[in-house]
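Colleague: I am new to this structure and would like to learn how to read it. Could you take me through it one feature at a time?

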Amino acid sequence: MAIQEAKLIWRNGEMIPWADATTHVLTHGLHYGTGVFEGMRAYNTDHKGVCVFRNRDHIERLHYSASVYRFDMNYSVEELMEVCKQVVRENGLQSAYIRPLAFLGYGEMGPSSMNCKTDLIVAAFPWGAYLGEEGLKNGIDVAISSWRRLAPGTVPAGVKAAGNYLSSRLISLEAKTHGYEEGIGLAHDGTISEGAGENLFVIHKGRILTPPTAASILNGITRDTAIVLAKKLGYEVVEQALSREMLYGVDEIFLTGTAAEITPVKTVDGITVGNGERPVTKAIQDAFFGIFTGETQDEWGWLDPIEG
Ligand code: PMP
């Protein structure tokens, strides 16, 4: 999806024009994948104006990701939460995708360099439904990838690092090459891991199941949102290993992610999921989107208004 340009990007403490947010070709992050980032959304809510969704949780994950790779962040969680709001506000955006990125900058070569300064940017721009409006409503076609997700003890899957997205690219491209809308990666042991950019849930005999964090997943914030909302609706949610063949026999499947929001899955490897009805997915979707209309009471403080 082409980027819809906004006016300003925050970089290392300053708001600069969009077109000036460039970097040197010998930037460390470009060579060694040494970037950590977030994908967040701001929603134009009916009752609290424009709000960043789960601002603190995203920025805390960014700090965690940076700490694993020993980046100096230079800005506190609270400061960066404010910056996210400022970027949405100063670009005059009503709803936006927010992309904070910290990467090792220009200065030294070699993967273990400790002398490259951290470059920190926060951008925001309009972005609709990542897997399409039609997908949000009627579900998408997914395929299990021949590529495995990152195995334990290789590159940490639970860290949102730029380099991890080489795996996502292979999984997603393979699916799209074969006419599917998204690819699902298996963990190193052949159990289900996650989508190229989404966590996966199944509904089986009235229970909601999702792979555990040890199944090479990114511990998604939307995943957590779906778990909290599902429990609130009275469903049992269990984190457990899922076999590939199980996906062919469950009642419903949905994917979660900041970009994907809560997207139902229509088919897996060409096999229709359940009988095509999705009452549980629909209930969780309604609860999720209800946060932005006020129909779902935000008892968790997930909405962070950009004004005041
Ligand atoms: N897994 C991967 C690989 C992702 O890239 C994402 C998107 N950030 C997710 C899961 C979902 O995470 P979140 O709900 O925090 O956006």
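**Reading the model step by step**

Colleague: Let us start with a helix: which residues of H3 are buried?

Modeller: Buried means under 20% relative accessible area, exposed means over 50%, and partly exposed lies in between (1.4 Å probe, protein chains only). In H3, the buried residues are Val77, Leu80, Met81, Val83, Cys84, Lys85, Val87 and Val88. Please keep in mind that this is a predicted model, in which local features need pLDDT of at least 70 and side-chain atom pairs count only at pLDDT 80 or more, while totals for chains, interfaces and linings use all residues. Residues are numbered from 1 along each chain as its sequence is written, and side-chain values use heavy atoms, leaving out hydrogens and water.

Colleague: How many residues does H3 have, and what span is expected for it?

Modeller: Helices (H or I, at least four residues) and strands (E, at least two) are DSSP runs, numbered from the N terminus. The expected span of a helix is 1.5 Å times one less than its number of residues. H3 covers residues 77-90, which makes 14 residues, and it reaches 20 Å from first C-alpha to last, close to the 20 Å expected. After H3 comes Gly92, with a positive phi near 65°.

Colleague: What does that check give for H5?

Modeller: H5 (residues 165-177) has 13 residues and should span 18 Å; its end C-alpha atoms are 18 Å apart, so the two values agree. Its buried residues are Ser167, Ser168, Ile171, Ser172 and Ala175. Viewed down the axis of H5, these fall within an arc of 120°, so they line one face of the helix. The arc is taken from the directions from the helix axis to the C-beta atoms.

Colleague: Which exposed residues sit on the face of H5 turned away from its buried side?

Modeller: That face carries Leu166, Arg169 and Thr177. Leu173, which is also in H5, counts as partly exposed because its relative accessibility is 40%. Just after H5, Gly179 takes a positive phi of about 90°.

Colleague: What do the buried residues of H5 pack against?

Modeller: Contact means heavy atoms within 4.5 Å. The buried residues of H5 pack against two strands, S8 (140-148) and S9 (182-186).

Colleague: Now for the ligand: how many residues surround it?

Modeller: A residue is near a molecule if one of its heavy atoms lies within 4 Å of it; the rule for a strand is alike. Here 16 residues surround the ligand, and the closest are Lys160, Tyr165, Glu194, Thr222 and Thr258. Helix H6 (221-232) and strand S14 (252-257) each supply at least two residues of this shell.

Colleague: Where are polar atoms of the protein paired with those of the ligand?

Modeller: A polar contact is a pair of N or O atoms within 3.5 Å; within protein, one must be able to donate a hydrogen and the other to accept it, and residues adjacent in sequence count only if both atoms are side-chain atoms. A polar side-chain atom of Lys160 lies 2.7 Å from a nitrogen atom of the ligand. The side chain of Tyr165 has an N or O atom 2.5 Å from an oxygen atom of the ligand. From Ile221, a backbone N or O atom lies 2.7 Å from a ligand oxygen atom. Taken alone the ligand exposes 390 Å², and the protein buries 96% of that. Accessible areas come from the Shrake-Rupley method with a 1.4 Å probe; for residues, only the protein chains shown count as cover.

Colleague: Which residues does Ser65 touch?

Modeller: Not counting residues up to four places away in sequence, Ser65 touches Val36, Val159 and Lys160. Ser65 is in helix H2 (residues 55-68) and counts as buried because its relative accessibility is 0%.

Colleague: Is Thr256, in strand S14, buried or exposed?

Modeller: Thr256 counts as buried, at 1% relative accessibility. Leaving aside neighbours within four places in sequence, its contacts include Thr222, Arg223 and Ala226.

Colleague: What is the phi of Arg70?

Modeller: Arg70 has a positive phi of about 60° although it is not a glycine. It lies in the loop between H2 and H3 and counts as exposed at 58% relative accessibility. Ser216 also has a positive phi, near 55°, and is a residue other than glycine. Ser216 is in the loop between strand S12 (207-210) and H6, and at 5% relative accessibility it counts as buried.
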